[in-house]
Amino acid sequence: MDLAEANNLEAAGMAGPPAKSRAPARRHEHQRGYVLHTYPYSETSLIVETYTREHGRVPMVAKGAKRPGSALRGALMQFQPVAFSWSGKNDLRSLTQAEWIGGLPGLAGDALFCGFYLNELLLKLLARDDAHERLFDCYEAALLALGGGGEEAGVLRGFERELLREIGYALNLTHEADSSIAIVAEGRYVYHPERGARRLEAREHPDFEISGRTLLELDTGVYSTPQTAMQAKLLMRLLLNHQLNGRALATRQIFTELQQL
Amino acid sequence: MSKSLEFLTEALRRLPGVGPKSAQRMAFHLLQHDREGADMLSRALHQAVSAVHHCALCNTFTEEDVCDTCNDEQRDRRLLCVVETPADQLMIEQTLTYKGLYFVLMGRLSPLDGIGPKDIHLEKLVARAADGLVTEVVLATNFTNEGEATAHYISEMLKARGIAVSRLARGVPVGGELEYVDPGTLAQALQDRRDT
Ligand SMILES: [Zn+2]
């Protein structure tokens, strides 16, 4: 590592004692995955945050990726499947090869923004070096749906729910918390991030109440009215914010700013 | 550490890629081994900060109100090309095929880095494109996802105001043999194929 790279590592808040080897020190070849984000590391290198099917989130250094004509650059695009090869066992692995696999339509317009949002959720909520194969497949399906002009809100809600399930906060949308009483469409509920739904008494009026219909529709992923779709969005936001623990989502903020233009 | 030294270290950390340790190294170096250089740096920074600002029309760096390019009478005032950086503008100039004017965003939308519309002067661009002379805005942001997102939002904004917008074409490079073109580029070229 040269001095400039050490400096950048330091600036990126990633310096510190050398990582105790959590991951085994071996080479991995042709692992299917995606680039979630890249940022500059040195004059010529990038840090690539990848999400692979078999190894989860793996951060890597792509040496020389910023040089003009680097073969890596075309392959290191988000939202396209890539075959990654890497070596090393430290906090930052060395990317040895990235091959474009293709086969997804690519994102454009608002769908592209949804893609950035999914990537930020993965970066902020998923621990490194934990495989989440089911979530990976869900991510890939979401990209495919977004690229094919799928209805964005439905795709996002489905992915958010799967992500929460994978990190240990599966939603119970069919029954009241700690009980076998089924949620009814006509009921009014309040949803506690860790416990689940509780039916409201007639006299109760909390800041954010949710209809039984919304809970049931969130479970099936099919929304009958704009109101239930909006409530589902607000509920997922509440639950994600709880997991984010005060950290803001930059994509959400910027999307709001763009809508105001 | 002395107050002034601490202040200098804090200031140096403002530079991209400079952490606390390297900022301290730089400060020690300047004060111990290169006082003349330190003085030069201080004067150059002071001068640049007070003299250099954004061109009122194209947003690039200039020491005048309006830069030389925007003042050039020979240019076609109906065409406005939007680029991310002054370096990109230079590349387009070197093609010798574009005779219009420019708008330099000085960046691109990058949601995950928190770079939004305010950081790339979109309001100034809209005002510039609506001057009554511009009839076509050519979007020449990069073909990265961030560049595409930037192009998309600019395009939506301008079209809503009745301004015609075009996007740089992409595809196989000049002299490119298909066998050696990367598959991503080839896929795009297929998607963007045109009638002959
Ligand atoms: Zn100018």
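## Cores, chains and selected residues of a predicted two-chain model

The largest nonpolar core has 46 residues, and those with the most contacts inside it are Leu118(A), Leu122(A), Tyr139(A) and Leu215(A). At least two residues of this core are supplied by each of β1 (28-40), α3 (109-125), α4 (133-147), α5 (152-166), β6 (188-192), α6 (212-220) and α7 (226-244) of chain A. Among these contributors, α3(A) gives the largest share, 10 residues. The model is a predicted one, and every value in this report is to be read in that light.

Tyr139(A) illustrates how residues distant in sequence come together here: leaving aside its neighbours within four places in sequence, Tyr139(A) is in contact with Tyr34(A), Leu36(A), Tyr51(A), Phe79(A), Leu118(A), Asn119(A), Leu122(A) and Phe159(A). Apart from the largest core lies another, of 23 residues, which has Phe113(A), Leu258(A), Val82(B) and Phe103(B) among its members.

One of the contacts of Tyr139(A), namely Phe79(A), has a backbone feature of its own, since its phi is positive, about 70°, although Phe79(A) is not a glycine. Phe79(A) lies in the loop between α2 (71-75) and β4 (82-87) of chain A, and with a relative accessible area of 1% Phe79(A) is buried, because buried means under 20%. A positive phi in a residue other than glycine also occurs in chain B, where the phi of His121(B) is near 55°. His121(B) is found in the loop between β4 (100-104) and α6 (122-129) of chain B, and at 24% relative accessibility His121(B) counts as partly exposed.

### The two chains

Chain A has 8 helices and 8 strands, whereas chain B has 8 helices and 6 strands. Read along the sequence, the elements of chain B follow the pattern α-α-α-β-β-α-β-α-β-α-β-α-β-α. The radius of gyration of chain B is 22 Å, well over the 16 Å that the globule rule gives for 196 residues, so chain B is more spread out than a compact globule. Taken along the principal axes, the C-alpha atoms of chain B fill a box of roughly 70 × 45 × 30 Å, and the C-alpha trace of chain A spans about 65 × 40 × 35 Å.

The table sets out burial, contacts and exposed area for the two chains.

| Chain | Buried residues | Contacts between residues at least 6 apart that join residues at least 24 apart | Exposed area | Share of that area from carbon and sulfur atoms |
|---|---|---|---|---|
| Chain A | 46% of 261 residues | 58% | about 12,500 Å² | 50% |
| Chain B | 34% of 196 residues | 45% | about 12,300 Å² | 55% |

As for charge, chain A carries 29 positive and 32 negative charges, whose mean positions are 3 Å apart. Chain B has 21 positive and 28 negative side chains, and the centres of these two sets lie 4 Å apart.

### Buried residues in a helix, a strand and a loop

Helix α8 of chain A, residues 250-259, has as its buried residues Ala250(A), Thr251(A), Arg252(A), Ile254(A), Glu257(A) and Leu258(A). The cover over the buried residues of α8(A) includes α3 and α7 of chain A together with α7 of chain B. Leu258(A), one of these buried residues, is also among the residues of the 23-residue core.

Gln31(A) lies in strand β1 of chain A. Gln31(A) is buried, with a relative accessible area of 11%, and, leaving aside its neighbours within four places in sequence, Gln31(A) is in contact with Glu54(A), His55(A), Val82(A), Ala83(A), Phe84(A) and Trp86(A).

In chain B, Ile163(B) has its place in the loop between α7 (145-160) and β6 (164-167). Although it belongs to a loop, Ile163(B) is buried, with a relative accessible area of 8%. Leaving aside its neighbours within four places in sequence, Ile163(B) is in contact with Ala129(B), Ala130(B), Val137(B) and Leu158(B). The C-alpha atoms of Ile163(B) and Ser4(B), which are 159 residues apart along the chain, are separated by 53 Å.

Technical notes. Residues are numbered from 1 along each chain as its sequence is written. Chains are lettered from A and ligands numbered from 1 in the order in which they are written. This is a predicted model: local features need pLDDT of at least 70, side-chain atom pairs count only at pLDDT 80 or more; totals for chains, interfaces and linings use all residues. Side-chain values use heavy atoms; hydrogens and water are left out. Helices (H or I, at least four residues) and strands (E, at least two) are DSSP runs, numbered from the N terminus. The radius of gyration is taken over C-alpha atoms; the globule rule is 2.2 Å times the number of residues to the power 0.38. Buried means under 20% relative accessible area, exposed over 50%, partly exposed in between (1.4 Å probe, protein chains only). Contact means heavy atoms within 4.5 Å. Accessible areas come from the Shrake-Rupley method with a 1.4 Å probe; for residues, only the protein chains shown count as cover. Lys and Arg count as positive and Asp and Glu as negative; His and the chain ends are not counted. The place of a charge is taken as NZ of Lys, CZ of Arg, CG of Asp or CD of Glu. A nonpolar core is a set of buried Ala, Val, Leu, Ile, Met, Phe, Trp, Tyr and Cys residues joined through side-chain atoms within 4.5 Å.
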